[in-house]
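Please open the model in your viewer and keep the selection tool at hand. The stops below say what to select next and what is found there.

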Amino acid sequence: MHQLARAVSKNASDIKEVSSTLQEACSWLTAAEGAQDSKICQHLLRECIRVAIIAVTELSLNLAAVVAVILAPLFLKGLVRKKAIQNYFGLETAAILVELRSVYYGKFRSSTILNGITHSDVRLPRIVAILLQIADIIRVNASGVLLGSVHAPLIYYAGTKLLLDLKRLYIPLSHRMGLYNVQAKLADFWLKHTYTLSYYSITAKLGMTKLQRQQKLNLISEEVYSAVHAHGIDFILKKRIKSVYSIWHKIRRLKVDFDQIHDLAAVRIILTGMDGKTLQEEKIACWKVLTILSSLYKPICNIMRDWISIPRDSSYESLHLTFETCKYGRLEVQIRTERMDHIAEHGEAAHWKYKYLD
């Protein structure tokens with residue numbers, strides 16, 4: 001709960017008030033559900049908090065949305081009414097729950113998700129509603145996925161139907177919403193249970209667990225951060241390891257072997273404080289960072305993409321270069337400014353518009 005309160009709070013002075021609101025929402029939940037079965041109640045509360053943490057960390061949703069997540073089981077079962085929630089927690093939380101109820105009892109079509117409205121038009125209540133549906137299928141049981149639902153009894157999802165829904169709806173949907181960590185977990189699960197031999201073949205070739213790969217990337221990231229920071233450059237550094245599904249998907253799409261996948265580990269350097277700079281000044285700043293990293297690691301010159309000098313047809317701009325790090329293997333580095341990153345994440349070049357559609 002403390003972790004959730006810290007994530008929701010805008011600053012340290014807000015934590016106490018936010019924590020009090022969250023505690024009150026949890027009290028409403030446990031008071032209504034506790035009379036039935038204390039074990040189920042505690043499980044339900046834990047699941048609500050887990051979903052709430054996803055809502056904050058993955059989507060940066062606010063306190064009203066988080067409270068709505070916690071109160072969703074009560075509201076959807078009709079154990080608490082809109083007026084009571086509105087009077088105590090505010091109009092926004094009540095409105096989110098009303099929207100959630102209408103979306104929860106509706107049906108989604110994959111074509112609607114893939115070709116639907118743009119990111120800026122998506123309303124907060126609908127994001128929460130869809131998030132709850134995605135969160136239902138993340139918890140994995142040995143024989144399939146157990147829906148530890150925050151708003152329904154525990155049920156087992158039929159294996160074949162689950163895999164179809166994952167591929168056609170939940171994987172592209174979570175990617176469309178920018179829930180990349182969620183999307184990667186769902187996609188890996190789908191691959192493991194659909195193309196089992198391919199899944200284990202790739203994991204064997206990787207030779208490390210996901211945790212070991214992440215730890216190795218953390219060490220590389222520290223080196224990269226120190227090298228760039230030492231030159232007084234303002235930037236944000238993001239990092240990611242390529243999921244098993246993403247590796248498999250790229251091998252199929254490009255018709256290449258595993259050894260030809262060079263972006264198993266990658267960092268993205270986003271230059272900040274570039275407002276008011278010309279395009280030429282942005283390019284020079286990006287190339288400066290590339291020069292710094294070239295003195296740190298050995299560039300693999302035949303694996304370079306300069307989409308700053310000549311942007312892609314989608315308006316995508318970024319420098320991509322693969323380095324040999326000696327101690328840690330190969331690393332892909334992407335360098336771009338905040339403006340370029342916004343186009344890549346939310347504009348015409350956004351990943352969701354061209355990835356995971358087949």
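Select phenylalanine 89, which is buried, with a relative accessible area of 15%; buried here means under 20% relative accessible area, exposed over 50% and partly exposed in between, with a 1.4 Å probe and protein chains only. This is a predicted model, in which local features need pLDDT of at least 70 and side-chain atom pairs count only at pLDDT 80 or more, while totals for chains, interfaces and linings use all residues. Residues are numbered from 1 along each chain as its sequence is written, and side-chain values use heavy atoms, with hydrogens and water left out.

Add tryptophan 28 to the selection: its ring and that of phenylalanine 89 have centres 5.0 Å apart and planes at 70 degrees, so the pair is edge-to-face. Rings of Phe, Tyr and Trp (its six-membered ring) pair if their centres lie within 6.5 Å, and planes under 30 degrees apart count as stacked, over 60 as edge-to-face and the rest as tilted. The pair links distant parts of the chain, since tryptophan 28 belongs to helix α2 and phenylalanine 89 to helix α5, 61 residues apart; helices (H or I, at least four residues) and strands (E, at least two) are DSSP runs, numbered from the N terminus.

Move next to tyrosine 199 and tyrosine 200, an edge-to-face aromatic pair with 5.2 Å centre to centre and 90 degrees between the planes. Tyrosine 199 is buried at 14% relative accessible area, whereas tyrosine 200 counts as partly exposed at 44%. Then show Trp190, Tyr195, Tyr245 and Trp248, which ring pairs link into a cluster. Over the face of tryptophan 190 lies lysine 167, at 4.7 Å from the ring centre; a charge sits over a ring if NZ of Lys or CZ of Arg is within 6 Å of the ring centre and within 35 degrees of the ring normal. Arginine 312 likewise has its charged end over the ring of tryptophan 307, 4.6 Å from the centre.

For the interior, select Leu4, Leu22, Val66, Leu71, Ile85 and Leu97, the residues with the most contacts inside the largest nonpolar core, which has 37 residues. Such a core is a set of buried Ala, Val, Leu, Ile, Met, Phe, Trp, Tyr and Cys residues joined through side-chain atoms within 4.5 Å. Its largest share, 12 residues, comes from α4. Leucine 4 touches Leu22, Ile49, Ala52, Ile53, Val56 and Val66, not counting residues up to four places away in sequence, where contact means heavy atoms within 4.5 Å.

Now display the open sheet, in which 5 strands run in the order β4-β5-β8-β7-β6 with mixed pairing; two strands pair if DSSP finds at least two bridges between them. The edge strands are β4 (235-241) and β6, each pairing on one side only. Between β6 and β7 the pairing is antiparallel over 5 bridges, and proline 299 has phenylalanine 323 in β7 as its bridge partner.

Helix α12 (residues 210-229) lies across β4, β5 (265-271) and β8, running at about 160 degrees to β4. Axes are lines fitted to C-alpha atoms, for helices over the stretch in contact, and angles run from 0 to 180 degrees between N-to-C directions. Helix α15 (residues 338-346) also lies across β4, β5 and β8, at about 105 degrees to β8.

End at cysteine 326, in the loop between β7 and β8 (330-337), where phi is near 70 degrees, a positive value in a residue other than glycine. Cysteine 326 is exposed, with a relative accessible area of 69%.
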